[in-house]
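User: I would like to learn how to read a structural model feature by feature, with the general idea before the particular case. Could you take me through one?

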Amino acid sequence: MNELRDLYQSVILDHYKTPRNYGSLDGATGSADGVNPLCGDHVTVHVRVDGDTVAGVGFEGNGCAISKASASLMTEIVAGRSVAETETIFSRFHDLVTGDAEVDPEELGKLEVLSGVREFPARVKCATLAWHALRAAIAGEEAEVSTE
Ligand code: ZN
C-alpha cells in the first residue's frame, strides 16, 4: 500500500510542478474563476466547447499541490469528451475524493491518484475547485465560483 501511495504522491507532484495544458486557450468559448479561500487556491479554467464536445481545456492560477494537480489531471481527462461525460466524470471524481460512494478505479484513470484526499476532508475543496470552475466555464457563466 505504501508503494502505491508513493506512486500517487509522485504523480501529484509531477502535475503540480509541471502542470499540463497550463495557460490561456486559443478560441476559448468560456472561462471561469474558482477560489477556495480556506486554502488560498485560485484557478481560472478556460474551455472551448464545440457543439456538445469539450474540444479543449486549459487552466491558470496558483494553489496547493492538490488543487493544481487536480486541475492538470482534469484537463487531460476531459479533453475530447462530451459535456455529459464530463458531468459524469466529475460526479464519480467527487465520490472518489469524498469517499461517499465506491468508485471503479477503471472509470477514473489517473484521477485515482487523488483518492487519498478522502482522508483529509478539508482538502476536498482543493481537489474539486477546478471542476466547479470547469462546469461554470462550460455553462458560459461569467460568475466566479467560490467554495465558501
Ligand atoms: Zn488547496
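The dialogue below goes through the metal site, the sheet, the core and a few single residues.

Analyst: Before we begin, please keep in mind that this is a predicted model, and that every value I quote is computed from its atoms.

User: Let us start with the metal: which residues coordinate the zinc ion, and at what distances?

Analyst: As a general reference, ideal angles at a metal are 109.5 degrees for four tetrahedral donors, and 90 or 180 degrees for six octahedral ones. In this structure the zinc ion is coordinated by the SG atoms of Cys39, Cys64 and Cys126, together with Asp41, which is listed twice through OD, and the distances run from 2.2 to 2.7 Å. Along the sequence, the donor residues follow the spacing C-x1-D-x22-C-x61-C. Asp41 belongs to strand β2 (residues 41-50), whereas Cys64 sits in the loop between β3 (53-62) and α2 (65-78), so this pair ties together parts that are 23 residues apart in sequence.

User: Are Asp41 and Cys64 buried or exposed?

Analyst: Asp41 and Cys64 are both buried.

User: Turning to the sheet, what is the order of its strands, and which of them stand at the edges?

Analyst: A general idea to carry along is that in a regular strand the side chains alternate between the two faces of the sheet. Here there is an open sheet of 4 strands in the order β3-β2-β1-β4, and its pairing is mixed. The edges are taken by β3 and β4 (145-146), each of which has a single partner strand, so one side of each is left without a neighbour in the sheet.

User: How do the individual pairs of strands run, and how many bridges join them?

Analyst: β2 and β3 run antiparallel and are joined by 9 bridges, one bridge pair being Val43 with Gly61 in β3. β1 and β2 are also antiparallel, with 7 bridges between them, and Asn36 stands opposite Asp41 in β2, the latter being a donor to the zinc ion. Strand β1 (residues 30-36), by contrast, pairs with β4 in the parallel sense over 2 bridges, where Val35 faces Ser146 of β4.

User: Where in the model should I look for positive phi values?

Analyst: Most residues other than glycine have a negative phi, and most peptide bonds are trans. Both hairpins have a glycine with a positive value: Gly40, in the turn of the hairpin that β1 and β2 form with 4 residues between them, has a phi of about 90 degrees, and Gly51, in the hairpin of β2 and β3 with 2 residues between the strands, has a phi near 65 degrees. Asn21 is a case of a residue other than glycine, with phi near 55 degrees; Asn21 is found in the loop between α1 and β1 and is partly exposed, at 41% relative accessibility.

User: How many residues does the largest nonpolar core have, and which element gives the most to it?

Analyst: In soluble globular proteins, nonpolar side chains tend to be buried together. The largest nonpolar core of this model has 40 residues, and among those with the most contacts inside it are Phe93, Leu111, Leu114 and Trp131. Two or more residues each come from α1 (2-17), β2, β3, α2, α3 (83-98) and α5 (124-139), and α5 gives the most, with 10 residues. As for packing on the sheet, α2 lies across β2 and β3 and runs at about 165 degrees to β3.

User: What are the contacts of Phe93 beyond its neighbours in sequence?

Analyst: Leaving aside neighbours within four places in sequence, Phe93 is in contact with residues including Leu108, Leu111, Leu114, Trp131 and Ser70. Ser70 lies in helix α2 and counts as buried, at 0% relative accessibility. A polar atom of the Ser70 side chain lies 2.6 Å from the backbone oxygen of Ala127.

User: Which residue joins Thr44 in a polar contact between side chains?

Analyst: The partner is Asp33, at 2.6 Å. Thr44 has its place in strand β2 and counts as buried, with a relative accessibility of 14%, which falls under the 20% cut-off. Beyond four places in sequence, the residues in contact with Thr44 are Ala32, Asp33, Gly58, Phe59 and Glu60.

Note on methods:
Residues are numbered from 1 along each chain as its sequence is written. This is a predicted model: local features need pLDDT of at least 70, side-chain atom pairs count only at pLDDT 80 or more; totals for chains, interfaces and linings use all residues. Side-chain values use heavy atoms; hydrogens and water are left out. Donors are N, O and S atoms within 2.8 Å of the metal (3.2 Å for Na, K and Ca); water is not among the atoms, so sites may look incomplete. Buried means under 20% relative accessible area, exposed over 50%, partly exposed in between (1.4 Å probe, protein chains only). A nonpolar core is a set of buried Ala, Val, Leu, Ile, Met, Phe, Trp, Tyr and Cys residues joined through side-chain atoms within 4.5 Å. Contact means heavy atoms within 4.5 Å. Two strands pair if DSSP finds at least two bridges between them. Axes are lines fitted to C-alpha atoms, for helices over the stretch in contact, and angles run from 0 to 180 degrees between N-to-C directions. A polar contact is a pair of N or O atoms within 3.5 Å; within protein, one must be able to donate a hydrogen and the other to accept it, and residues adjacent in sequence count only if both atoms are side-chain atoms.
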